[in-house]
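Biologist: I have a model open and want to learn how to read it. Can you take me through it feature by feature?

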Amino acid sequence: MSQILTPRQAEELHKALIAYLSSANLPSTAAALREELSIGDSFDDATRKKYEGILEKKWTSVVRLQKRIMELESRNNSLQAELDSATPTSLLRRNQDPASWLPRSPARHTLQSHRQPITCVAFHPIFSSLASGSEDTTIKIWDWELGELERTVKGHTKGVLDVDFGGPRGGTLLASCSSDLTIKLWDPSDDYKNIRTLPGHDHSVSAIRFIPSGAAGAPSSGNLLVSASRDKSLRIWDVTTGYCVKTIRGHADWVRDVTPSFDGRWLVSAGNDQTARLWDAASGDAKCVFIGHEHVVECVALAPPRSYPHLAALAGLKKPPPASSSAEFVATGSRDKTIKLWDGRGTLIKTLIGHDNWIRGLVFHPGGKYLLSASDDKTIRCWDLTQEGRCVKTVEDAHGHFVSCIRWAPSVVKDAPVNGDTNGSVAVNGSAKKEDPTGKLNIRCVIATGSVDLNVRVFAS
């Protein structure tokens, strides 16, 4: 030992050993060791207190470090294998345009901590935080870059069904909704404190989304939230007051999903009545009904302006709608295993067939060229809108069980102020904001999915 440790280190170790033996209630062993090492009266109660617990701490940290070293060695080996097999083609793919990036296995991170199926995921518009909600009643906040759990947020008394980041200018909030009939607002800048609970729905609240600023008739910018419920209604809330400012009725059954247009003017919802519906967000009037699915419509997505040229060609239009126009094209996913593409007037453009089970989530690629879908068949599929909606990629076994949700990390507009001001500077959830037509979007090639297998997965370039 004397060859490895300096005299001072050896003395520290001896004292830690004696303190450990004393705390473990082995006084005679501690006394024998003191005698052998000639440590006399200098080792009093104060010294014992100082050294108590040091040995255990060092022991646990060594085990933790060994585990980390093994993980890093394994990662190093896989990276080396990837490097060894790198071909000019694969190197070319690495430097490819983000507008053409698609997820591939394996996921960069598998995030584990939930105790029941995961129902929803959402990205913070600026920071590398990812929220996931679960049937275990909790919301977990992860750092998706590091793949680490940051905190667990508790407050709901039943399963959390949806989460979304957004809110008033300069103050991002996290909203959640649950089978306990409530919507809750949490403040990420104050340790995710629950700042407000919104009661009002008469049944499970299945989906929520912040409505981007610019909505006609909005009392102030960015403070509106829309919710969809099993009580067959949609509600619009003012998050600054907590009041329900509008109730929209029209669906004949459970409303499963809702999404706003990038300018906040329109809402699209879908549900168990096998329809999707387009609403004027300001008046609450129905603009059109999308009829054609043969089962529950689980999810909806609004096409970003960048995909208008491809969808217009698919619809046989001579020229695409202007990029400033919203709710021009809609995608719906259903339990009938199909995805349908529609124009904003309710005309069916294309039915995409390929999944073997219910479709649970849809997201348009911010680059505009692809539509991605997540399904109970455990896959993610990528549909190329420039090739008449052909499925060009399938991520097989994206999860070990049903894939329940999918979100795209928000694109950051270059030169955007990073002060929490998300309105007009960041595209939330992969949907194009009003600045999109200028082409300044900095696409983040990051996707998160959640599953019944209790895992959240992050796919990133």
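**Reading the model**

Modeller: Start with a pair of helices. The crossing of helix 1 and helix 2 is left-handed. By class, five nonpolar, two polar and one charged residues make up the contact of helix 1 with helix 2. Keep in mind that this is a predicted model.

Biologist: Which residues of helix 1 and helix 2 meet?

Modeller: From helix 1 come L17, I18, L21 and S22. They meet T29, A30, L33 and R34 of helix 2.

Biologist: How do I describe the packing of two helices?

Modeller: Two values describe a packed pair: the angle between the axes and the distance between them. Here helix 1 (residues 7–23) packs against helix 2 (residues 27–36) at about 160°, and the axes are 8 Å apart. Angles over 145 degrees count as roughly antiparallel, so helix 1 is roughly antiparallel to helix 2.

Biologist: Now the confidence. What is the mean pLDDT of the protein chain?

Modeller: The mean is 86, and 88% of the residues reach 70 or more. Two stretches need care. Over residues 215–220, pLDDT stays under 50, and the model has six contacts beyond four places in sequence for them. Residues 415–439 also stay under 50, with 60 such contacts in the model.

Biologist: Next, sheets. How do I read one?

Modeller: Strands of a sheet pair through backbone hydrogen bonds, and the pairing is either parallel or antiparallel. One open sheet here has four strands in the order 2-3-4-5, with antiparallel pairing. Its edge strands are strand 2 (118–123) and strand 5 (148–153), each paired on one side only. Neighbouring strands of this sheet are turned by 25° against each other on average, direction ignored.

Biologist: How many bridges join strand 2 to strand 3?

Modeller: Five, and the two strands run antiparallel. Strand 3 covers residues 129–134. To check the register, find I118: its bridge partner in strand 3 is S134.

Biologist: What is the strand order in the sheet that holds strand 1 and strand 26?

Modeller: The order is 1-30-29-26. This is an open sheet of four strands, and the pairing is antiparallel. Strand 1 (109–112) and strand 26 (403–408) each have a single partner strand, so one side of each is left without a neighbour in the sheet. The twist averages 20° from one strand to the next.

Biologist: Which residue of strand 29 is the bridge partner of I406?

Modeller: T449. Strand 29 (residues 446–451) pairs with strand 26 in the antiparallel sense over five bridges.

Biologist: What should I look for in a hairpin?

Modeller: Look at the strands, then at the residues between them. Strand 24 (residues 380–384) and strand 25 (residues 390–395) pair over five bridges in the antiparallel sense. C382 has K393 of strand 25 as its bridge partner. Five residues lie between the strands of this hairpin, and E388 takes a positive phi near 60°.

Biologist: Where does Q274 lie, and what is its phi?

Modeller: Q274 is in the loop between strand 15 (266–271) and strand 16 (275–280). Its phi is near 70°, a positive value in a residue other than glycine.

Biologist: Last one: the peptide bonds. Which residues does a cis peptide bond join?

Modeller: S105 and P106, with omega at about -5°. P106 is found in the loop between helix 5 (88–94) and strand 1.

Conventions: Residues numbered from 1 in each chain as written. Predicted model: local features only at pLDDT ≥ 70, side-chain atom pairs only at ≥ 80, totals over all residues. Heavy atoms only, no water. Pairing = 2+ DSSP bridges. pLDDT = per-residue confidence, 0-100. Contact = heavy atoms within 4.5 Å. Axes fitted to C-alpha atoms, helices over the stretch in contact; angles between N-to-C directions. Parallel < 35°, antiparallel > 145°, perpendicular 65-115°, else oblique. Left-handed = near helix turned anticlockwise from the far one by under 90°. Nonpolar A, V, L, I, M, F, W, Y, C, P; charged D, E, K, R; others polar.
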